[in-house]
Amino acid sequence: MRVWIWAGVAAMAVAMGVQAAPPTAAPAASAPQGFRLLRPSPAASAPRAALPVTTKPAPSASSAALQPIPEPEPAIRGYAVPIGGALKADNEEVWQRIVNLAGGKGARFVVFGTASEDPEASAKQVVDLLQRRGAIAEALPVAPKFLWVDLSKVVRDPALIAKVKAAKGVFFTGGTQERIVDVLQPGGQSTPMLEAIWDVYRKGGVVAGTSAGAAIMSTIMFRDAPSVINILKGRFVDGKQVDRGLGFVGPNLFVDQHFLKRGRFGRMIPLMMANGYKLGLGVDENTAAIIRGDEIEVIGDRGALVVDLTEARSDASLDAFNVQGARLSYLEHGDRYHMRARSTTPSAPKLRGELHDAESPNFKPYYTDEVFHLDMLGDSTISGAMSRLIDSVRKEVKGLAFDVLPRQNDPLAELGFLFRLYKGSDSLGWSTEEFGGEQFTVTNLYLDISPVRLPMPLYGGWAGAPRPAAAATPASSPQ
């Protein structure tokens, strides 16, 4: 394996525990808590240097370093932990970390099975798993599937609200996310129970959720949107496919789940653009993101994708969704992302491993072949394409997304999308084999999505190759 070790950087990362914020961001210990609306202000661009972070050089003052402005919300000292779904019982790192963030052994948790089809069984499983890690956990009877429960009363029950306020951690199970929102925030109005959860969070507690419990973390969420390609085609409306969330991660970050497994970056970007989001976080299955203040840390089995639309643009003259210059970063276990600086700190094993920098004279890429993906929204296709491209001589990779089985008489049946993933001058990657298979961190690749026409049907019966025309027989010469 080709190895280029940044010895000085690795030593610095180890000494710092790879936890400090980058030089371009406020130190983690002194960073303001909570989330701020981010606005650009003039600042000098940091040079490309041997630092364990990546920051895109600012081409102009209007897109330079981002600075926070005050927000009306009180400072939040707690941790939001969206989990991408399919969290396994033996994922010791995620389960134990949630308990430790809440105070460790003896930490009190309340568990909401609200989203589940079987809330009693789902909540009991989470209670058992938390208690195995030393927590004291209790399930609360707050779920539409409990037909004997008056939800309008239970969310105001003083005894249950007291249990929430006494907790250091809150956990939402998976299921159907609108159930959580409709119960705790009916008609957009906060209930006393939701206020109690916010009280735990503001005071330093943990609010964690898997699958549906992760979807509610944004101020806006996907309510019911099973088809990614339909979202790309613009088929989403407020109150149906899209709805309000509970907003634990603040107004400036959009969160989605089951992300890489289900190709959901294809639905994230249209929603972000429609609602003015500049930063999105997609968490994959059996993986968690720990969000506090300015920092996101990824832990667990797979990875997460950060989508930055700060400098993205679209062509309004096209009669379909399109975007140019969306910036993507792929993070795995132990990597951290700093939201204000738009920068990444790879884990210590990655810094000890191999650097992939196309602008370095020492770069020796492994891949040379050209790749075209017929289903860019496939299982982990985008993360695989990013890892391969950063270690390739190629500058870009392309792929398609389209509806293989469109509805009859669908006027948009032939609308598909071409994805172009490409390198910029600030694109970097790190990889390690310390844990067996190769693991990657990839920062600052760029994505364009363009509408294209795909004639339907895409294929037909094979009639055989056309036969070459028979050669003409020369005329006989006269005798």
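Student: What makes the charged end of Arg420 count as sitting over the ring of Tyr422?

Tutor: The distance from the ring centre is 3.9 Å. The cut-off is within 6 Å of the centre and within 35 degrees of the ring normal. The charged end of Arg420 is placed over the ring of Tyr422 on that basis. Keep in mind that this is a predicted model.

Student: Why is the contact of Glu396 with Arg420 called a salt bridge?

Tutor: The closest N and O atoms are 2.5 Å apart. The limit is within 4 Å, so the pair of Glu396 and Arg420 qualifies. Glu396 belongs to strand S20 and Arg420 to strand S21, so the bridge ties together parts 24 residues apart in sequence.

Student: Are Glu396 and Arg420 buried, exposed or partly exposed?

Tutor: Glu396 has a relative accessible area of 31%. Arg420 has 28%. Buried means under 20% and exposed means over 50%, so values in between are partly exposed. Glu396 is therefore partly exposed, and so is Arg420.

Student: How do you know that Arg302 and Asp284 form a salt bridge?

Tutor: Their side chains meet at 2.8 Å, N to O. That value is within 4 Å, so the rule is met. Arg302 lies in the loop between S13 and S14, and Asp284 in the loop between S11 and S12, so parts 18 residues apart in sequence are tied together.

Student: Which partner is buried, and which is partly exposed?

Tutor: Asp284 is buried, at 0% relative accessibility. Arg302 is partly exposed, at 26%. The line for buried is under 20%, so Asp284 passes and Arg302 does not.

Student: What makes Arg340 and Asp294 a salt bridge?

Tutor: Their closest N and O atoms are 3.4 Å apart. With a limit of within 4 Å, the pair therefore counts. Arg340 is in the loop between S16 and S17, while Asp294 is in the loop between S12 and S13, 46 residues apart. Both residues are buried.

Student: How many salt bridges does the rule give, and which residues form a network?

Tutor: The count is 28. Arg97, Glu295, Glu297 and Arg336 are linked in a network. Glu297 also stands opposite Arg336 in S16.

Student: How do you know that S13 and S16 pair?

Tutor: They share three bridges, in the antiparallel sense. At least two are needed, so S13 and S16 are paired. Both strands belong to an open sheet of nine, in the order S5-S4-S6-S7-S3-S12-S13-S16-S17. The pairing in that sheet is mixed.

Student: Why are S5 and S17 called edge strands?

Tutor: Each has a single partner strand, so one side of each is left without a neighbour in the sheet. From one strand to the next, the twist averages 20 degrees.

Student: Why is the pair of Phe112 and Phe172 called stacked?

Tutor: The ring centres are 5.2 Å apart, and pairing needs them within 6.5 Å. The planes stand at 25 degrees, and under 30 counts as stacked, so the label fits. Phe112 is in strand S4 and Phe172 in strand S6, 60 residues apart.

Student: What makes Phe112 and Phe172 count as buried?

Tutor: Phe112 has 0% relative accessibility. Phe172 also has a relative accessible area of 0%. Buried means under 20%, so both qualify.

Student: How many aromatic pairs are there, and which residues form one cluster?

Tutor: The structure holds 11 aromatic pairs. Trp198, Tyr201 and Phe248 form one cluster.

Conventions. Residues are numbered from 1 along each chain as its sequence is written. This is a predicted model: local features need pLDDT of at least 70, side-chain atom pairs count only at pLDDT 80 or more; totals for chains, interfaces and linings use all residues. Side-chain values use heavy atoms; hydrogens and water are left out. Helices (H or I, at least four residues) and strands (E, at least two) are DSSP runs, numbered from the N terminus. Buried means under 20% relative accessible area, exposed over 50%, partly exposed in between (1.4 Å probe, protein chains only). Axes are lines fitted to C-alpha atoms, for helices over the stretch in contact, and angles run from 0 to 180 degrees between N-to-C directions. Rings of Phe, Tyr and Trp (its six-membered ring) pair if their centres lie within 6.5 Å; planes under 30 degrees apart count as stacked, over 60 as edge-to-face and the rest as tilted.
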